[in-house]
Amino acid sequence: MAKVCIICSQEVKQGHAVADDAVIRSIRRAKRYLRIAKNNELVVCENDLEAHRKKRQAYERNLAVYMVVAGIVLVLLVFLPVFTTGFSAYAVLVGLLFAAILVFMPVLTSHTPALEAGAAKAASATVPSKPSKMQKLDKIERNVGNAFHRIRKRWKKAAGKKAMKKPNPGKKKK
Ligand SMILES: [Zn+2]
């Protein structure tokens, strides 16, 4: 099985495996049915990891937006007739069809499958990434936390010494 990068469409020797999702499975099934299946193994090559990450993010965002719009359309077409002319199976059907088309749009235009879980981990391990703002904040927080811890420890030690030096007022002789 040849490995083909889904971003640059080149045949590559090595790449990060792409997870089979419903869309890929459907396309494979359709291609097998039409006898045009190439049965390539879909991967993302090393050079395209960043491009893939961006594409995947855009796709996820797209899909989420279209799903929300589809949901609104469906709810409108189911409930509006109920409040006006009465429940309409026809409106529900149109709503379902419209919602399906809406969800299908981003799949058709920008479908980008995710990397396989293991592959994604390996990918993030091999790509030296700049520390993000969150990571930087985390580090600062950790450092501040450590400093506080040290100060508290020292203070406790000092307080303990002081307490030992201070004679107990209860046992003090008059
Ligand atoms: Zn590539």
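These legends go with a set of close-up views of a predicted model.

**View 1. The whole chain, laid out by its secondary structure.** In this predicted model, the protein has five helices and four strands. Walk along the sequence and the elements come in the pattern β-β-β-α-β-α-α-α-α. Of the 174 residues, 11% count as buried. As for contacts between residues at least 6 apart in sequence, 75% of them join residues at least 24 apart.

**View 2. The four-stranded sheet and its edges.** Here the sheet is open, and its strands run in the order β2-β1-β4-β3 with mixed pairing. The edge positions go to β2 (11-12) and β3 (16-17); each has a single partner strand, so one side of each has no neighbour in the sheet. In general, strands of a sheet pair through backbone hydrogen bonds, in either the parallel or the antiparallel sense.

**View 3. The parallel pair, β1 and β4.** Zoom in on strand β1 (residues 3-5), which pairs with β4 in the parallel sense over three bridges. One residue pair to look for is lysine 3 with its bridge partner in β4, glutamate 41.

**View 4. The antiparallel pair, β3 and β4.** Strand β4 (residues 41-44) also pairs with β3, this time in the antiparallel sense and over two bridges. Histidine 16 has valine 44 of β4 as its bridge partner. For alanine 17, the bridge partner in β4 is valine 43.

**View 5. Helix α1 and the residue to spot after it.** Helix α1 covers residues 22-33, 12 residues in total. From first C-alpha to last, α1 reaches 16 Å, close to the 16 Å expected at 1.5 Å a residue. Buried or exposed, how much of α1 is covered? Hardly any: the count of buried residues among its 12 residues is zero. After α1, look for arginine 35, whose phi is positive, near 60 degrees.

**View 6. Alanine 117 and valine 18, brought together from far along the chain.** Alanine 117 sits in helix α4 (residues 117-126). Alanine 117 counts as exposed because it has 10 C-beta neighbours inside 10 Å, and the cut-off for exposed is 12 or fewer. How far apart are the C-alpha atoms of alanine 117 and valine 18? They are separated by 8.9 Å, although the two residues are 99 residues apart along the chain.

Notes
Residues numbered from 1 in each chain as written. Predicted model: local features only at pLDDT ≥ 70, side-chain atom pairs only at ≥ 80, totals over all residues. Pairing = 2+ DSSP bridges. Expected span 1.5 Å × (residues − 1). Buried ≥ 20, exposed ≤ 12 C-beta atoms within 10 Å, placed from the backbone. Contact = placed C-beta atoms within 7 Å.
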